[in-house]
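The following exercises ask the reader to examine a protein model step by step. Each task is followed by a worked solution.

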Amino acid sequence: MAEPTATAELTNFLAAVDLGSNSFHMVVAEEIGSDIRLHDRLREGVRLAAGLRDDGSLDPAVEQRALDCLARFGQRLRGIRPERVRVIGTNTLRHAKAAEGFVHAIEATLGYPLEIVAGREEARLVYLGVAHSLAVDANERRLVADIGGGSTELIAGRGFTPNLRESLHFGCVASTRAYFPEELITVAACERLEKRVRMALEPMLDDFLRHGWDQAVGSSGTIKAIARILAENGQGSRITHVGMHWLREQMIRLGSVSALTQLRGLKADRAAVFPGGFIILFALFESLRLQEIRFSEGALREGAIYDLLGRIHQEDTREMSIRGLQERFHSQVQRNQGVARWAEHFFMTAAASWPLHDGHRQWLRWAALTHDIGLDIAHSGFHKHGEYVWRNADIAGFSRREQGVVAALVRTQRKRLPGLVQLRALGIAAEDVVALQQLAVLLRLAILFHRGTAPLATPPGLTVSGKKLLLALPPQWSTEMPLMAADLEQEQEWVTPDFHLQW
């Protein structure tokens, strides 16, 4: 991936790219004091979900269509500092298991790294974008729905804080293709999709109804299209329960996807995926007993911009999530802070010899601060329990890649150090395995020196040369600290032959 070159003129600019399952979106904004000024808002219908095959690969023609769009987006991003740009992949890229080459092509085309986020993290960003687009009362309860191409996000929150976040595994592209084959729109097809939505909502319905909301807001292209159709056909300026029933009748009367273009207000490019998206919203209306919903331009990409601002100004959601994990799983916070400091000390030394960067330093720190969370489940195999939590929990602010590498670091803190092939088997990308193995050694050393009562006031010196690590320990240390000597001898055995540890 080519490193983008920042320019002085764009120092305060930020950008977010949303690689949705139906459309790709990009917003470019400028930070002016405490305000954000929008400069560009771009959208192209790519329909990535339509190219997803059963084996997790993507149709080459769809991949090329996506890359052509991103080449145009990339021209507008040039000159914006890398740390002020976020590129986010959602449902289709979550399911594209055999598309590693495509991910690399995305990064090469844009010049910025891609974050593929979990469904509930997508929901959090959607809520953040909607909340910032509206006049927010800190006590106002809000329900937000976002119907994407491959998934539907449903969030209930208060003010800027999302309290319930769900990602449902159906969206406008996939549902139109599955329930309205050959472009036929029938009552039976509508009822089958409505039933599926109701069944998916059933386990969480009581939680959402108990939370309640003062207003319901929709933020997707589907909901924008519905609002436009109702307004242009005299059905009111908002999406209402009555208007939804009217539009369902019109859609069934027309009977086919191609005939939907007769609806005043429906654009031709939206018609191809409209039936699935509409019926999803119709079923949400019925299940959640909605009377009306309003449309908001704010969505995931705006949420990513505000989340990025938080990272820049030391209000990183990821740091709050780390603290939440420590509290939930009763970590030894003070000791872990010491582990993190010593791990960073080792990192700064090793980075002079190994090609490590600041992103790697963050991975190491997050793992050091939470390496013991598995102990709250069971002491036996606690490193595996900690890995499971990191890999499978919905941890706000983190991409799937970040969760995966921290999970692997937590897993590799004990027993024999996994080789590069074993790390690949843990789901680590090829470009990350070498660095992750190096970070694992540094983490293991930092943890080792904090076992029991720490006998060393400061971390020992470390010299790194290739795969050789030399520790500088105090005189007579092995006599005064026999248990640590035994631990180091065991560690020496466990990291061999990948590394040669000496002292």
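**Exercise 1. Identify the buried residues of helix H6, state what covers them, and describe the course of the helix.**

Solution. The model is a predicted one.

Step 1. Buried means under 20% relative accessible area. By this criterion, the buried residues of H6 are Ala189, Cys190, Leu193, Glu194, Val197, Leu201, Met204, Leu205, Phe208 and His211.

Step 2. The elements that cover these buried residues include the strands E6, E7 (152-158) and E8 (161-168). Helices H5 (172-179), H8 (241-254) and H10 (274-288) are also among them.

Step 3. H6 spans residues 187-211 and bends by about 60° at Pro203. After H6 comes Gly212, with a positive phi near 75°.

**Exercise 2. Describe the largest nonpolar core and find the contacts of Leu488.**

Solution.

Step 1. In soluble globular proteins, nonpolar side chains tend to be buried together.

Step 2. In this model the largest nonpolar core has 59 residues. Trp390, Phe449, Leu469 and Leu488 have the most contacts inside it. Helix H18 (residues 433-448) provides the largest share of this core, 12 residues.

Step 3. Another core, of 50 residues, lies apart from the largest one; Leu201, Ile223, Trp246 and Val257 are among its members.

Step 4. For Leu488, neighbours within four places in sequence are set aside. The residues in contact with Leu488 are then Leu445, Leu448, Phe449, Leu471, Leu473, Trp477, Leu501 and Trp503.

**Exercise 3. State how many cavities of 30 Å³ or more the structure holds, and characterise their linings.**

Solution.

Step 1. There are two such cavities.

Step 2. The largest cavity contains about 260 Å³ of space. Its lining consists of 26 residues, and Asp18, His25, Asp146, Gly148 and Gly149 lie nearest its centre. By class, this lining comprises five nonpolar, 15 polar and six charged residues.

Step 3. At least two lining residues of the largest cavity come from each of strand E2 (23-32), helix H4 (119-133), strand E6 (141-147), helix H7 (221-232) and helix H11 (300-312).

Step 4. The second largest cavity contains about 40 Å³ of space. Its lining is formed by Ala118, Glu121, Asp394, Ile395, Phe398, Ser399, Arg400 and Gln403. Three of these residues are nonpolar, two are polar and three are charged.

**Exercise 4. Describe the largest pocket and the second largest pocket by volume, lining and contributing elements.**

Solution.

Step 1. The largest pocket holds about 1,300 Å³ of space. It is lined by 38 residues, with Pro113, His357, Gly359, Gln362 and Glu402 nearest its centre.

Step 2. Strands E4 (85-89) and E5 (114-116) are among the elements that give two or more residues to this lining, as are helices H11, H12 (317-328), H14 (358-370) and H16 (400-411). H14 supplies the largest share, eight residues.

Step 3. The lining of the largest pocket has 12 nonpolar, seven polar and 19 charged residues.

Step 4. The second largest pocket holds about 800 Å³ of space. Of its 27 lining residues, Ile116, Arg400, Arg401, Gly427 and Ala429 lie nearest its centre.

Step 5. Helix H3 (100-110), E5, helix H15 (382-392) and H16 each supply at least two residues of this second lining. H16 gives the most, with five residues. The lining of the second largest pocket divides into 12 nonpolar, five polar and 10 charged residues.

Methods. Residues numbered from 1 in each chain as written. Predicted model: local features only at pLDDT ≥ 70, side-chain atom pairs only at ≥ 80, totals over all residues. Heavy atoms only, no water. Core = buried A, V, L, I, M, F, W, Y, C linked by side-chain atoms within 4.5 Å. Buried < 20%, exposed > 50% of the residue type's maximum accessible area, 1.4 Å probe, protein only. Helix = DSSP H or I, 4+ residues; strand = E, 2+ residues; numbered from the N terminus. Contact = heavy atoms within 4.5 Å. 1 Å grid on protein atoms, 1.4 Å probe; cavity = no way out; pocket = protein on both sides within 12 Å on 5 of 7 lines; lining within 4 Å. Points joined across faces, edges and corners; volume = space filled by probe spheres on them. Nonpolar A, V, L, I, M, F, W, Y, C, P; charged D, E, K, R; others polar. Bend = angle between axes of the 7 residues up to and from the residue.
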